[in-house]
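Trainee: I would like a close look at a single part of this model. Please take me through one hairpin and then through what surrounds the strands.

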Amino acid sequence: MRFRNILFAAIVMVLITANYGFKADFDEQDWFTYVNRCLTQSYDASGDPKLKKVEISLTTDHFIRLRKTYAKERQEYYSFSLHHLNDFDYFGSTTGGILHFKTTADDIIVQTYNDRHGDVDSMTTVLDIPVKNMEPERLDSLHEAINYFKAKGL
């Protein structure tokens, strides 16, 4: 009797694990979490010694946003919709490189602010983001996620 109870409990645990322990595919929230973690962990600020703070994210409305804060409260802000993304490349090695985002036209918003010149707004077609530790698997997953959100926005 005791053996049957232990066997039954073991079978139930295996079935629960098999049913709820694995996900077949990433859902939208999983992709958001992955992209934001990847961008945040991979951003390489070491080439910019005056940089105090960096905020980079993919928003729920499919925008990539990057805000850099420097000494004396100088800020740079970049933003673009994945809907306008034309090309996404990586130049570099596994230790460091550049994520190169290119839009179809001047679709990347660039805003800078400093005490001396105030706000300056412009547009561009290219945003280069310095990154580190970009293994091929991570880059492939980032490509897959970007393409997932780009397809949802079209």
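Mentor: Start at the turn in this predicted model. Four residues lie between β2 and β3 in their hairpin, and K72 takes a positive phi near 60 degrees there. On either side of that turn run the two strands, β2 over residues 63–70 and β3 over residues 75–81. They are antiparallel, and seven bridges join them. Take two of the facing pairs. T69 stands opposite Q75 of β3. Further along, I64 has F80 in β3 as its bridge partner.

Now stay with β3 and look to its other neighbour. That is β6, residues 108–114, again antiparallel. Five bridges make this join. E76 faces T112 of β6 here. As for cover, β3 is mostly shielded: six of its seven residues are buried. Keep the general rule in mind when you inspect side chains: in a regular strand they alternate between the two faces of the sheet.

Step back to the whole sheet. It is open, with five strands in the order β1-β2-β3-β6-β7 and antiparallel pairing. The edges are β1 (51–58) and β7 (118–124), each paired on one side only. From one strand to the next, the twist averages 10 degrees. Helix α2, residues 28–42, packs on this sheet. The helix touches β1 and β2, so β2 of our hairpin is among its contacts. The direction of α2 makes about 160 degrees with that of β1.

Methods
Residues are numbered from 1 along each chain as its sequence is written. This is a predicted model: local features need pLDDT of at least 70, side-chain atom pairs count only at pLDDT 80 or more; totals for chains, interfaces and linings use all residues. Side-chain values use heavy atoms; hydrogens and water are left out. Two strands pair if DSSP finds at least two bridges between them. Axes are lines fitted to C-alpha atoms, for helices over the stretch in contact, and angles run from 0 to 180 degrees between N-to-C directions. Contact means heavy atoms within 4.5 Å. Buried means under 20% relative accessible area, exposed over 50%, partly exposed in between (1.4 Å probe, protein chains only).
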